[in-house]
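Biologist: Could you take me through one part of this model slowly, as if I were new to all this? I'd like a close look at how its strands pair up.

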Amino acid sequence: MFRPLFFTLLLSLGIATNAFAEQKQSVGNYDIHYVALGSTFITPTIAKSYGIQRSSYTGLVNISVLDKSVEGNPAIPVEISGIANNLLDARIDLVFREIREGDAIYYIAEVPYRDDQEINFQIAIKYGKTLNTQVTFKQKFYVD
């Protein structure tokens, strides 16, 4: 199965370091994969090709949804929205962009942060009438 460059990079970062470990939530026939990391962890070339601002104060959220009921667990297009809150409850509406590379579909959003700041994420995901769920997680970000 074709593994797109951007998703592979994010996944390898998740495997390489516990601080950015990829996480997964299973809901019915779907696996929802999510990861949040500082934008400086992606290369300048990848950032430029996707219009991502690399900054010590910008994080990335990456979400993908796979259908376990179909052979090969293909990615599916979903409706996605979300918010991010810091511990002072400053709310940021996340603006997700869909990225398609071959058979892969994933959604990325940028989130600003300060050094040593924990961000709480609430992501709403819908797929027709078969998936309507919310994923919540937190990630601590550091300025490098």
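Modeller: Sure, let's start with a single pair of residues: Val35 stands opposite Asn62 in β3. Before going on, a word on the background: this is a predicted model, where local features need pLDDT of at least 70, side-chain atom pairs count only at pLDDT 80 or more, and totals for chains, interfaces and linings use all residues. Residues are numbered from 1 along each chain as its sequence is written, and side-chain values use heavy atoms, with hydrogens and water left out.

Back to the strands (DSSP runs of E, at least two residues, numbered from the N terminus). Strand β2, residues 30-38, and strand β3, residues 58-67, run antiparallel and are joined by 9 bridges; two strands count as paired if DSSP finds at least two bridges between them. Both belong to an open sheet of 5 strands, ordered β1-β2-β3-β7-β6, with antiparallel pairing. β1 (23-27) and β6 (97-101) sit at the edges with a single partner strand each, so one side of each has no neighbour in the sheet. From one strand to the next, the twist averages 25 degrees, taken between N-to-C directions of lines fitted to C-alpha atoms, on a scale from 0 to 180 degrees.

Now for β8. Strand β4 (residues 79-86) pairs with β8 (residues 117-127) over 8 bridges, in the antiparallel sense, and Ser81 has Ala124 in β8 as its bridge partner. β8 is also joined to β9 (residues 131-141), again antiparallel, by 11 bridges; here Lys126 stands opposite Asn132 in β9. The β8 and β9 hairpin has 3 residues between the strands, and in this hairpin Gly128 takes a positive phi near 55 degrees.

Note on methods. Helix = DSSP H or I, 4+ residues; strand = E, 2+ residues; numbered from the N terminus.
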